[in-house]
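Thanks for sharing this one with me. Below are my notes, set out as numbered points so that you can follow them with the model open beside you.

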Amino acid sequence: MRLLDLDPASRGLAVWNGGAWRFGAEALAACRVDPQATCWDVWEVLSLIPLGVNRDGVRHRADLAVRMLRAEGGGADAPRVALTPSGWDKETMGVFLGAASAAGLKVRWLTPRAGVVVSKLNPAGDACTVVEWSWNRLQRVKWVRKGETWRQEEMRLVADAGILACFRREALAVQDLALEKFRFDPLYSGRTEQALFSGWWASLREGTEWSVTTPEGGRIDLSGERTRFSALHGAVMAEVSDAEDVIAPMAFLRLMGWHRARAELSVSGLEVEVEDHDADSARWRETLGAVERDGGGPRATHVVIDGIAEPWTGEARPGETVKLPDGRTALAVYVRETHGAA
């Protein structure tokens, strides 16, 4: 069944350009030009609370969610499994289901996105922490192993740690550097701040170099300042640490300069094994097993050793012969895990 990833950071923003709403890459490229025309928290606090200004018939965040889902297009007839932020409550899920229905999407299951991330990485220990990093907030979500499945145990909000707050701390440090060296203020206008933000975000998401350039051609390479900038977040991020049982977006790991924590793998291209149901309403699952698809084939879930199947988390396709850490060889197989209605 197809996934609908509702990650607030990757899903994009909504920007009003004076005549129409812009989403995705277009919104990301214009969000700091006029911050008052930008809605950053559509997928963080999805609600029916009025936005204050009715622009092009958009009354609240639910209307924006409908526009965003329609803009994506394609696959409206295929049933979906929606991956929700951990902070969503029952009321928020209800608002989302209404928006999805208005956009023509068939959502049959909802499940926490962090659960699929944990299921895909399947850490070796009995507990792990998933860092959910979005525009206005950072959440620590603790997961514990219960038998063969993972269950969410606790969620805590870290104050002043969202993407925008982190950018502001580093932007002020860059402002001091640029004023001292070139008497240039990269935050003096919306367009120069947008250029600074776009470079900063690309450096974190894609690992590219980050620099600031003056109108006269002066340039400061900011990539070499990453260690110093990372230290600016230390006091705020005291509740999270660089540990092997921590899973976080790659952009966050680059922000903090962490190397022990594990990078969150993309959930795009995944399918989940769930049983469809006859009821029109969607159902909630706390956890789902994720199976990666590549060329139409599933990833192996077990290996057969002397006729006995054992769980396998390595990279292999069914039918392949794999070598185990102890030197033995085994046959990789795929065992479908069926989930019924909960």
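**Notes on the fold**

1. Let me begin with the chain as a whole. Of the contacts in the protein chain with a separation of 6 or more, 59% are between residues 24 or more positions apart. Please keep in mind that this is a predicted model. The protein chain holds 9 helices and 23 strands, and 48% of its 342 residues are buried.

2. Next, the sheet with mixed pairing. Its 5 strands form an open sheet in the order E11-E10-E9-E14-E15. Strand E11 (149–158) and strand E15 (262–263) are at the edges with a single partner strand each, so each has one side without a neighbour in the sheet. Helix H5 (residues 113–121) packs on this sheet and touches strand E9 (127–133), E10, E11, strand E14 (246–248) and E15. The direction of H5 makes about 130 degrees with that of E9. Within the sheet, strand E10 (residues 138–146) and E11 run antiparallel and are joined by 9 bridges; Leu138 has Val158 in E11 as its bridge partner.

3. There is also an open sheet of 3 strands, ordered E3-E2-E4, with antiparallel pairing. Its edge strands are E3 (21–23) and E4 (38–39), each of which pairs on one side only. Strand E2 (residues 14–16) is joined to E4 by 2 bridges in the antiparallel sense, and Ala14 lies opposite Cys39 in E4. Helix H3 (residues 61–72) packs on the sheet, where it touches E2, E3 and E4. The direction of H3 makes about 60 degrees with that of E3.

4. A hairpin deserves a look too. Strand E5 (residues 50–55) and strand E6 (residues 58–60) run antiparallel, joined by 2 bridges, and Arg55 is opposite Val58 in E6. The hairpin has 2 residues between its strands, and Asp56 in the turn has a positive phi of about 55 degrees. How many of the 6 residues of E5 are buried? The count is 0, and E5 is hardly covered.

5. Now to a pair of helices. How do H6 and H7 lie relative to each other? The axes of helix H6 (residues 163–182) and helix H7 (residues 190–206) come within 11 Å and cross at roughly 115 degrees; the two helices are therefore roughly perpendicular to each other. H6 passes H7 in a right-handed crossing. On the H6 side the contact is made by Ile163, Cys166, Phe167, Arg168, Glu170, Ala171 and Val174, and on the H7 side by Glu193, Leu196, Phe197, Trp200 and Trp201. By class, this contact of H6 with H7 has 9 nonpolar and 3 charged residues, and no polar ones.

6. Finally, two threonines that you may like to inspect. Is Thr84 buried or exposed? Thr84, in strand E7 (residues 79–84), has 0% relative accessibility and so counts as buried. Beyond its neighbours within four places in sequence, Thr84 is in contact with Leu6, Leu110, Thr111, Pro112, Arg113 and Trp284. Thr313, by contrast, is exposed, because its relative accessible area is 52% and exposed means over 50%. Thr313 sits in the loop between strand E21 (308–311) and strand E22 (321–323). Thr301 is 12 residues from Thr313 in sequence, and their C-alpha atoms are 6.5 Å apart in space.

Notes: Residues numbered from 1 in each chain as written. Predicted model: local features only at pLDDT ≥ 70, side-chain atom pairs only at ≥ 80, totals over all residues. Heavy atoms only, no water. Buried < 20%, exposed > 50% of the residue type's maximum accessible area, 1.4 Å probe, protein only. Helix = DSSP H or I, 4+ residues; strand = E, 2+ residues; numbered from the N terminus. Pairing = 2+ DSSP bridges. Axes fitted to C-alpha atoms, helices over the stretch in contact; angles between N-to-C directions. Parallel < 35°, antiparallel > 145°, perpendicular 65-115°, else oblique. Left-handed = near helix turned anticlockwise from the far one by under 90°. Contact = heavy atoms within 4.5 Å. Nonpolar A, V, L, I, M, F, W, Y, C, P; charged D, E, K, R; others polar.
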